[in-house]
Amino acid sequence: MWKNIDECINNISRAFYLTEQRRSKLVQKPMAVVGFSGMQNRHFLNNLLDYHQELNYLEIGAYRGATFIAAMYNNQNVRGIAVDSFDDRFSFGQDTEELYASLLSNTTNILTNNEHYEIWRKDFYDIKPEDLPKIDVYMFDGEHDMQSQFDAFNHIHESY
Ligand SMILES: C[S@@+](CC[C@H](N)C(=O)[O-])C[C@H]1O[C@@H](n2cnc3c(N)ncnc32)[C@H](O)[C@@H]1O
């Protein structure tokens, strides 16, 4: 967890500073994963999670893993949990089994530096607070309507 709020803010500032210079631990492979994540976002999360103490990272809506892999890459201090239901309701006609297989193969092939992560094929609304560790960095990238944004915080508020 963050040692205190000042350290948390300092690490956010540091992450912005490095990101503006396009710097992080990311190399070509994690940058090349197809997904809904820009290069600045990938650098930022990778820098934000680079910290001298253990952090818990939760991502809802992992899809093929572009954002999750960028966040986790070479950050051995992090326990990462990637959640996606791969439900036909949210896939815009894409093959959900192919998407799930792609998340598994992308993480297996790229997160090879002793990163600690779990992949949960699960609906966000089925997660109970007791399933989760205390979350230090939370990326909600499921549905983007207003109600889902409220739910993103309210549903798991006991875990951060
Ligand atoms: C925009 S994509 C996420 C992009 C991804 N973060 C990336 O880095 O490319 C949205 C994902 O959220 C998932 N999703 C939507 N609603 C969900 C829910 N209630 N529970 C779990 N996953 C959900 C969808 O299956 C889809 O894969």
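This is a short talk on one protein model, covering a helix, a core, a ligand shell and two loop residues.

Hello everyone, and thanks for coming. Please keep in mind that this is a predicted model.

Let's begin with helix H3, which runs over residues 39-48. How many of its 10 residues are buried? The count is 7, so the helix is largely enclosed by the rest of the structure. If you want to find the buried ones on your screen, look for Arg42, His43, Phe44, Leu45, Asn46, Asn47 and Leu48. And what covers them? The cover includes three helices, H1 (5-20), H2 (28-31) and H4 (66-72), along with strand S4 (137-140).

Hold on to H4, please, as we need this helix for the next topic, the core. The largest nonpolar core has 28 residues, and those touching the most other members are Leu49, Tyr57, Ile69, Ala70, Ala71 and Met72. Which elements give two or more residues to this core? They are H3, strand S1 (55-60), H4 and S2. The largest share is that of H4, with 6 residues. As background, nonpolar side chains in soluble globular proteins tend to be buried together.

Let's zoom in on Ala71 for a moment. Leaving aside residues up to four places away in sequence, Ala71 touches Leu45, Asn46, Leu49, Tyr57, Glu59 and Gly80. Two of those names, Leu45 and Asn46, you have just heard among the buried residues of H3.

Now for the ligand. There are 22 residues around the ligand, and Gly35, Gly61, Tyr63, Thr67 and Phe124 come nearest. Here we meet H4 again: this helix and strand S2 (78-84) each supply at least two residues of the shell. What kinds of residue make up that shell? It has 10 nonpolar, 6 polar and 6 charged residues.

To finish, here are two residues in loops. Phe86 is not a glycine, yet its phi is positive, about 45°. You can find Phe86 in the loop between S2 and helix H5 (96-110). Asn114, also not a glycine, has a positive phi of about 65°. Its loop joins H5 and strand S3 (116-121).

So are these two buried or exposed? Phe86 has 20 other C-beta atoms within 10 Å, and therefore is buried. Asn114 has 7 C-beta neighbours inside 10 Å, so this residue counts as exposed.

That's my tour. Thank you for listening, and I'm happy to take questions.

Technical notes:
Residues numbered from 1 in each chain as written. Predicted model: local features only at pLDDT ≥ 70, side-chain atom pairs only at ≥ 80, totals over all residues. Buried ≥ 20, exposed ≤ 12 C-beta atoms within 10 Å, placed from the backbone. Helix = DSSP H or I, 4+ residues; strand = E, 2+ residues; numbered from the N terminus. Contact = placed C-beta atoms within 7 Å. Near = placed C-beta within 6 Å. Nonpolar A, V, L, I, M, F, W, Y, C, P; charged D, E, K, R; others polar. Core = buried A, V, L, I, M, F, W, Y, C linked by C-beta atoms within 7 Å.
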